[in-house]
Amino acid sequence: MLIYHSPGRFRARYPIFDATRMKKSFLVLCSFLLAAAAFAQPRKQVGDRIIGVVGDRIILESDIRNAIADAQRQGQEVPAGADCSIIEQALVSKLLMLQAERDSLKLDDNEVESELDQRIRHFIRVYGTQEELERIAGKTIYQIKDDGRESVRENKLAQMMQRKIVENVRITPTEVGNYFNRIPKDSLPFFESELEIGQIIVYPKPSKDLEAYVISEMNSLRSRIASKQISFEQAVKEVSEDPGSKDRGGQYQINRTDKSWDPAFVAAAFRLKEGEISNVVRSKSGFHLIQLMSRTGDDAIVRHILRKAPVTEIELNAGMSKLDSVRARLIAGTIDFATAAGRYSDDEAAKFQGPYIQGRNGTYVTIDELDKEVVAQLGRLKVGEYSQPAVFTNERSDKGVRLIYLKTRTEPHRMNLKDDYNRIAQSALEEKKMNTLEKWLNDHLGDHYVMVDPAMNHCSRIQRWTQAQKVASK
């Protein structure tokens with residue numbers, strides 16, 4: 001998504017990175033779209049005042065203060081001139097939103113509610129629990145959502161209008177070349193060797209006997225908890241295999257609509273009454289005992305104990321044999337890598353982003369982004385080759401078997417058109433979109449009534465808004 005910032009406002013030393021840096025600046029400075037609403041006082045402060053107006057939409061001084069305060073609460077660095085950047089972005093957002101309404105762009109209310117839920121979950125993760133978020137905001141979750149709904153709607157409409165303005169912007173090879181030639185030669189970044197690495201992963205299933213044994217142990221543990229021979233917290237500490245929740249007694253805050261949770265886990269949790277402990281629940285992660293602590297609508301606080309049935313050498317060897325056969329077909333050319341990965345890989349992430357390891361630059365990764373086991377396998381591979389299957393352990397401590405494919409490897413080099421055309425073209429396109437949006441804004445600044453408090457006159461970028469109003473009123 002293109003995010004507006006005036007060209008030159010955050011001009012970096014390396015123009016190739018301007019779009020990324022502008023997006024990061026936007027996220028840091030302009031989180032007020034929900035944050036200001038979330039953390040505004042339940043009643044308007046006596047000292048609050050209107051510092052900006054576009055059409056019939058107002059910007060309050062507290063919006064700016066709350067945006068900066070929220071960034072500081074989250075440990076973000078707030079640069080000098082943050083107030084100027086935030087109010088300019090607010091003015092742009094309101095102008096785009098009003099134009100979207102004028103152009104009758106349609107926004108589904110479900111999109112607004114989904115965005116609200118996503119942002120609320122983000123704030124809960126930042127502050128730890130729903131209770132802590134409500135304490136800091138001085139409001140209930142429902143009040144936060146009500147106060148933030150119009151801001152989210154405005155933001156979504158502004159994004160829609162922004163996409164409409166730049167949707168037909170294209171870039172030609174000549175423009176890419178001209179963009180690259182404008183970059184001072186001593187400012188061209190140096191790129192380390194980058195690789196495209198595919199992987200096919202098999203997670204062998206444990207034997208039925210071992211699964212039955214773990215289920216039996218979990219049932220026994222449930223009985224001990226129920227009879228108060230051991231507390232739930234102590235059981236988590238002693239046997240749970242979930243490192244992500246072990247230090248907090250197995251506790252999580254979950255939402256019924258959050259797709260990142262295993263459906264079986266969520267379904268079982270929401271069938272419970274408060275305080276009740278589930279029977280053994282099977283999920284993709286293993287076997288759980290779940291206790292519902294509290295529930296409000298689609299949100300719930302639960303705690304769980306996770307146990308995994310171990311995978312033995314027998315299952316791992318079967319996985320090795322399976323990938324040996326896949327490797328033989330790849331080498332023989334009877335199947336291509338993408339087809340093989342789609343057919344045989346158990347990697348959940350591959351279903352959404354493809355079978356290639358993702359890094360800072362998409363599918364191009366540097367050595368420092370890889371785990372040491374992958375690096376060790378790469379040392380024996382040439383471009384186009386497939387590794388021997390190898391046993392590995394993922395970040396969740398699950399054992400699997402992995403086959404690596406080294407698709408490409410670039411040499412360390414200074415940025416140039418031959419090796420880096422795609423990324424240069426993307427950056428050139430972003431700049432052209434920014435310029436297109438900037439021109440549109442300059443052409444439409446006088447379309448709606450705009451007022452900016454004289455206290456903001458120290459912001460050089462704000463002055464064009466007031467100048468445009470003077471011209472429009474003549």
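A polar contact is a pair of N or O atoms within 3.5 Å; within protein, one must be able to donate a hydrogen and the other to accept it, and residues adjacent in sequence count only if both atoms are side-chain atoms. In this predicted model, local features need pLDDT of at least 70 and side-chain atom pairs count only at pLDDT 80 or more, while totals for chains, interfaces and linings use all residues. Residues are numbered from 1 along each chain as its sequence is written, and side-chain values use heavy atoms, with hydrogens and water left out.

One such polar contact, of 2.6 Å, joins the side chains of Glu194 and Arg423. Glu194 is buried, at 4% relative accessible area. Buried means under 20%, exposed over 50%, partly exposed in between (1.4 Å probe, protein chains only). Glu194 sits in the loop between strand 3 (190-191) and strand 4 (195-202). Helices (H or I, at least four residues) and strands (E, at least two) are DSSP runs, numbered from the N terminus. Beyond its neighbours within four places in sequence, Glu194 is in contact (heavy atoms within 4.5 Å) with residues including Asn361, Tyr364 and Arg409.

Arg409 also stands opposite Leu195, in strand 10. Strand 4 and strand 10 (399-409) pair in the antiparallel sense over eight bridges; pairing requires at least two DSSP bridges. An open sheet of three strands has the order 4-10-9, with antiparallel pairing. Strand 4 and strand 9 (390-393) are its edges.

The largest nonpolar core has 38 residues. Such a core is a set of buried Ala, Val, Leu, Ile, Met, Phe, Trp, Tyr and Cys residues joined through side-chain atoms within 4.5 Å. Ile87, Leu91 and Leu96 have the most contacts inside this core.
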